[in-house]
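User: Please take a close look at one position in this model and then place it in the wider packing of the chain.

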Amino acid sequence: MNFNRYKVLRISSGIDDIGDVNGMYIVYMAIIKVIVCCAIAKSFKSLGKVMIVTAILPIILLVAILLRALTLPGSTEGMLFFINPDFSKLLNAKIWVEATFVAFNTLGPGWGGLMMIGCHNKFNYNCLRASLISSVSVLLIGLFNGLVVFATAGVMAHEAEVPVHSVVTSGGFSIGFITYPKALSCFPLPQAWSVLFYLVLILPGIDSLTVMMEPFLLILEEMCPKYFHNKRVALLTVTTIATFLVGLLFVTQAGVYIFILGIWYIATWNVVVICLVEAIVFGWVYGSNRLDRDVKMMLGRPMPGPVRISLAFIIPIFLSVLLTISIVTYRAPAFGSYEYPWYASIIGWALTLSTLAPALGYAVYTLSKQKGDLHQRFQNSVRPNEDWVPIDASYREFWKKDSYHNSLTWKQLFLYNLKGDSGRFVSNSLTVEEQHSLKAFT
């Protein structure tokens, strides 16, 4: 732990003590930036190939580490400690808040990456099945990763002749840099395994960087096609240089404090707010009835009842409660025993608001472009424009003939969200022949 803290991270006395810059880390960061550029130079075509490698190799290494740990005394005790949690902790609201934030960062909703990947799918691609498989896979891999960590921690506890809980005292990102090197030291040729491990450890990070940068480039290309069309390399170069310069803050001696501050504010409340708004928009503004029609047109079936109820009721209520609890129980950021200065919270909240400001600004701009009083402006601004049509031309005419403006009242929409209505998937505005043709497509 001390080696990781004072030799690897070279932590300074605080966030206001920037210290010097590690030249070797600058080289590492430059190499990673070049790899990311190569991964998304041709957009999704190259990105998909990179993600196959970055997703599979870490799992193979985890299996190897677990198999080796199982041959050592103490691994069983560590795994039993992991699978026998203290259920009384579930009564602590803070546990639920932090677990939810971790789930948001792991599954990736609200970041834009999932929508970016989804927009490259075929029109009839079974996105429901893919989302279930990916969610379950992330859960199982996370549990497996925890099993490997605690199996190794059990070995360390056996060697030190102490309980397992006394070994796992450092949370967050530090525990992986303590238990995994220990596990690799038990392998033949531990130096070679350690090099392989840290190379594989970089791959999920590269995966995340590519998935986060691609939506940013895609938005710029679609919003300003006049300036950025067929100029991906130039746009990617400028973006990479800008992010590299910002990243220099993290390779200073105060980098870990800046990193924790960013996670504390950027990757928490704003993502929850974005997902809450998305659930409300699709469940209550656009409406589950229209969403069901769109899903049935693509997949041949509407949303399953549990998904519809979750979208309309469970997610908005749960996220609203989560936001309320997290705000009520808010505490200033901290790193171990270090307490951040008062101005760190101001910077953090400014970072949180800066991620939400573009959406709020665009909402105000959209309202200002509409005509009528405020109520009419709002109604017109939440109505999809003429470009909101199926991308598949064979469905487009049927979709347009389905009377979009035949909206439900709040009471009807509430009952639809709760019980569904199979009779409304194909609108009565279509003729019988057109309805049969539409069913033939799906």
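In which helix is the place of Ser75?

Analyst: The model is a predicted one, and what follows was computed from its atoms. The place of Ser75 is in helix H4, which covers residues 75-83. Ser75 has a relative accessible area of 1% and is therefore buried, the limit for that class being under 20%. A partner from another stretch of the sequence is Ala151: the C-alpha atoms of Ser75 and Ala151 are separated by 4.3 Å, although the two residues are 76 apart along the chain.

Ala151 leads on to the nonpolar cores of the model. The largest of these cores has 24 residues, and those with the most contacts inside it are Ile15, Tyr257, Val272, Leu319, Phe335 and Tyr340. At least two residues of this core are supplied by each of helix H5 (93-107), helix H13 (255-265), helix H14 and helix H16 (305-328). Helix H13 provides the largest share, with six residues. The core also draws on two domains, taking at least three residues from domain 1 (21-251) and at least three from domain 2 (257-441). Apart from it lies another core, of 12 residues, and Ala151 belongs to this one, as do Leu61, Ile65 and Leu184, among others. Ala151, whose C-alpha atom is 4.3 Å from that of Ser75, is thus a member of the 12-residue core, set apart from the 24-residue one.

Helix H13 deserves a description of its own. Eight of its 11 residues are buried, and the helix is mostly covered. The buried residues are Gly255, Val256, Tyr257, Ile258, Ile260, Leu261, Gly262 and Tyr265. Two of these, Tyr257 and Tyr265, also take part in aromatic pairs.

A search of the whole structure finds 20 aromatic pairs. In one of them, the ring centres of Tyr257 and Tyr340 are 6.3 Å apart and the ring planes stand at 80°, so the pair is edge-to-face; planes over 60 degrees apart fall in that class. Because Tyr257 lies in helix H13 and Tyr340 in the loop between strand S2 (338-339) and helix H17 (342-369), this pair ties together parts that are 83 residues apart in sequence. Tyr257 is buried, at 1% relative accessibility, and Tyr340 counts as buried at 9%.

Tyr265 and Tyr330 form another aromatic pair, which is tilted, with 6.5 Å from centre to centre and 55° between the planes. This pair again links distant parts of the chain, 65 residues apart: Tyr265 is in helix H13, and Tyr330 is in the loop between helix H16 and strand S1 (334-335). The surroundings of the two rings can be set side by side: Tyr265 is buried, with a relative accessible area of 0%, whereas Tyr330 counts as partly exposed at 29%. Tyr265 and Tyr330 also belong to one aromatic cluster, together with Phe101, Trp269 and Trp349.

Helix H14 (residues 269-285) contributes to the surface as well as to the interior. On the surface, it gives the most to a nonpolar patch, with five residues. The patch is formed by Val277, Ile280, Val281, Phe282, Val285, Phe378, Val382 and Trp388, and together these residues have about 640 Å² of accessible area. Val285, a residue of helix H14, counts as partly exposed because its relative accessibility is 33%. In the interior, helix H14 supplies at least two residues of the 24-residue core.

Charged contacts complete the picture. The structure holds two salt bridges. In one, the side chains of Glu221 and Arg232 meet at 3.2 Å, N to O. Glu221 lies in helix H10 (residues 190-223) and Arg232 in helix H12 (residues 232-247), so this salt bridge ties together parts that are 11 residues apart in sequence. Glu221 is buried, with a relative accessible area of 18%, and Arg232 is buried too, at 12%. The other salt bridge joins the side chains of Arg293 and Asp294, at 3.3 Å from N to O, and both of these residues are buried.

Helix H12 also holds Ile241, which counts as partly exposed because its relative accessibility is 47%. The C-alpha atoms of Ile241 and Ala30 are separated by 9.4 Å, with their positions 211 residues apart along the chain.

Note on methods:
Residues numbered from 1 in each chain as written. Predicted model: local features only at pLDDT ≥ 70, side-chain atom pairs only at ≥ 80, totals over all residues. Heavy atoms only, no water. Patch = residues over 30% accessible without salt bridge, like charges linked within 9 Å, V, L, I, M, F, W, Y side chains within 5 Å. Areas by Shrake-Rupley, 256 points an atom, 1.4 Å probe, with all protein chains shown as cover. Salt bridge = Lys/Arg side-chain N within 4 Å of Asp/Glu carboxyl O. Helix = DSSP H or I, 4+ residues; strand = E, 2+ residues; numbered from the N terminus. Buried < 20%, exposed > 50% of the residue type's maximum accessible area, 1.4 Å probe, protein only. Core = buried A, V, L, I, M, F, W, Y, C linked by side-chain atoms within 4.5 Å. Domains from an automatic or database assignment. Phe/Tyr/Trp six-rings, centres within 6.5 Å; stacked < 30°, edge-to-face > 60°.
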